[in-house]
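Thanks for coming, everyone. I'll take a few minutes to walk through this fold, piece by piece. Please keep the structure open while I talk.

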Amino acid sequence: MIIATYNVNGVNGRLPVLLRWLAERQPNIVCLQELKAPDEKFPIQAIEAAGYGAIWHGQKSWNGVAILAKGAQPIETRRGLPGDLDDSHSRYIEAAVNGVLVGGLYLPNGNPRPGPKFEYKLRWFARLTELMAELYATKAPVVIAGDYNVMPTERDVYKPERWRDDALFAPEVRAAFVGLLAQGWTDALRKLHPDETIYTFFDYFRNAYARNAGLRIDHFLLNKPATKRLLRAEVDLAVRGWEKTSDHCPVWVELKD
DNA sequence: ATGGCTAAACAATTTAGA
């Protein structure tokens, strides 16, 4: 079973790229982020025509998350991150598909730092940490995938010194990620590629993709039952070179069926 | 270091991304 995450950066603007990638990769489950569309503008007809059932939580202009399942309807288990009724951002959705619990997240960017956006990022991360402490204990496989907007270590940044004070690499944010790992979660990409340079995002600016000036910010965290089934973890780098593509690459793991 | 690119909401610029 292939489970993927893809920050599409506009699900409607990106639809041809998304459909081509779905056809080529044939993932069983897909978490999408940055739909940038309200619920009624989600392209459900095209996604169903591609063979996928879906649930989604949209928002006008920004954010927005979805979960797709090939030949199945995801069973929604949660929509929105608990812990703050005033948080109106669409950044978390969760579903059960074929015995696996999948959470798809779009963690706040947090720039500029310092400032209210950075404070929001830290609060959101703290709420996620609470939720994931509960989810970790689930007996079934749990996969929390998405755009975490954090480079966990220096090797996950093309030029660490330039990002030192950025909200994606700040000590508080990296510490929060370490806090998740301390709960027991496995960073799937890093576990299977301990010594490789892995990037999942390349800025549209400055020809970043061609220069391999990337960041690793899209992650898969697996609980123990999921980790036992982990076979592969890869980045579909070539998609970043397609026409009208997202600034993020699709990322995926394969779990033993 | 800086400025550069892209999408969406709008209907020419602004906001946000990372």
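Let's start with a pair of strands. E1 and E2 run parallel, joined by five bridges. To find the register, look at Thr5: it stands opposite Cys31 in E2. One caution before going on: this is a predicted model.

Stay on E2. How many of its residues are buried? Five of its five, so to speak a strand that is mostly covered. Both faces are covered. On one side you have Ile29, Cys31 and Gln33, and on the other Val30 and Leu32. In general, side chains in a regular strand alternate between the two faces of the sheet.

Now zoom out to the sheet around that pair. It is open, with six strands in the order E3-E4-E2-E1-E14-E13. The pairing is mixed. Which strands stand at the edges? Strand E3, residues 52–57, and strand E13, residues 230–235. Each has a single partner strand, so one side of each is left without a neighbour in the sheet. On average, neighbouring strands here are turned by 15 degrees against each other, direction ignored.

Take the E13 edge. E13 pairs with E14, residues 251–255, in the antiparallel sense, over five bridges. Leu230 stands opposite Leu255 in E14. In the loop between E13 and E14 sits Lys244. Its phi is positive, near 55 degrees, and Lys244 is not a glycine. Lys244 is exposed, at 64% relative accessible area.

There is a second residue of this kind, Asn63. Asn63 also has a positive phi, about 55 degrees, although it is not a glycine. You'll find Asn63 in the loop between E3 and E4. Buried or exposed? Asn63 counts as buried, at 6% relative accessibility. As background, most residues other than glycine have a negative phi, and most peptide bonds are trans.

One helix to add here. H1, residues 15–25, lies across E1, E2, E3, E4 and E14. H1 runs at about 160 degrees to E1.

On to the other six-stranded sheet. This open sheet has the order E5-E6-E7-E8-E12-E9, again with mixed pairing. Its edges are E5, residues 75–79, and E9. Each of those has a single partner strand, so one side of each lacks a neighbour in the sheet. E5 and E6, residues 92–97, pair in the antiparallel sense over four bridges. The bridge partner of Ile75 is Ala96 in E6.

Now follow the chain between E7 and H3. Two cis peptide bonds to note. One joins Asn111 and Pro112, with omega about 0 degrees. The other runs from Arg113 to Pro114, with omega near -5 degrees. Pro112 is in the loop between E7 and H3, and so is Pro114.

That brings us to H3. H3 has 21 residues and reaches 30 Å from its first C-alpha to its last, close to the 30 Å expected. H3 lies across E5, E6, E7, E8 and E12, at about 15 degrees to E6. Its buried residues include Trp124, Phe125, Leu128, Leu131 and Met132. Lys121 and Arg127 are buried too.

Next, H5, residues 171–182. H5 has 12 residues and spans 16 Å, close to the 16 Å expected. Which residues of H5 are buried? Val173, Ala176, Phe177 and Leu180. Seen down the helix axis, they fall within an arc of 95 degrees, so they line one face. Pro171 and Ala182, on the other side, are exposed. The buried residues pack against H3, E9 and E12. H5 lies across E9 and E12, at about 25 degrees to E12. After H5 comes Gly184, with a positive phi near 120 degrees.

Last, the cores. The largest nonpolar core has 33 residues. Those with the most contacts inside it are Ile3, Val143, Phe220, Leu222 and Val253. Apart from that lies another core, of 26 residues, among them Met132, Leu135, Ile144 and Phe177. You met Met132 as a buried residue of H3, and Phe177 as a buried residue of H5. In general, nonpolar side chains of soluble globular proteins tend to be buried together.

That's the tour. Happy to go back to any part.

Key
Residues are numbered from 1 along each chain as its sequence is written. Chains are lettered from A and ligands numbered from 1 in the order in which they are written. This is a predicted model: local features need pLDDT of at least 70, side-chain atom pairs count only at pLDDT 80 or more; totals for chains, interfaces and linings use all residues. Side-chain values use heavy atoms; hydrogens and water are left out. Helices (H or I, at least four residues) and strands (E, at least two) are DSSP runs, numbered from the N terminus. The expected span of a helix is 1.5 Å times one less than its number of residues. Buried means under 20% relative accessible area, exposed over 50%, partly exposed in between (1.4 Å probe, protein chains only). The arc is that of the directions from the helix axis to the C-beta atoms. Contact means heavy atoms within 4.5 Å. A nonpolar core is a set of buried Ala, Val, Leu, Ile, Met, Phe, Trp, Tyr and Cys residues joined through side-chain atoms within 4.5 Å. Two strands pair if DSSP finds at least two bridges between them. Axes are lines fitted to C-alpha atoms, for helices over the stretch in contact, and angles run from 0 to 180 degrees between N-to-C directions.
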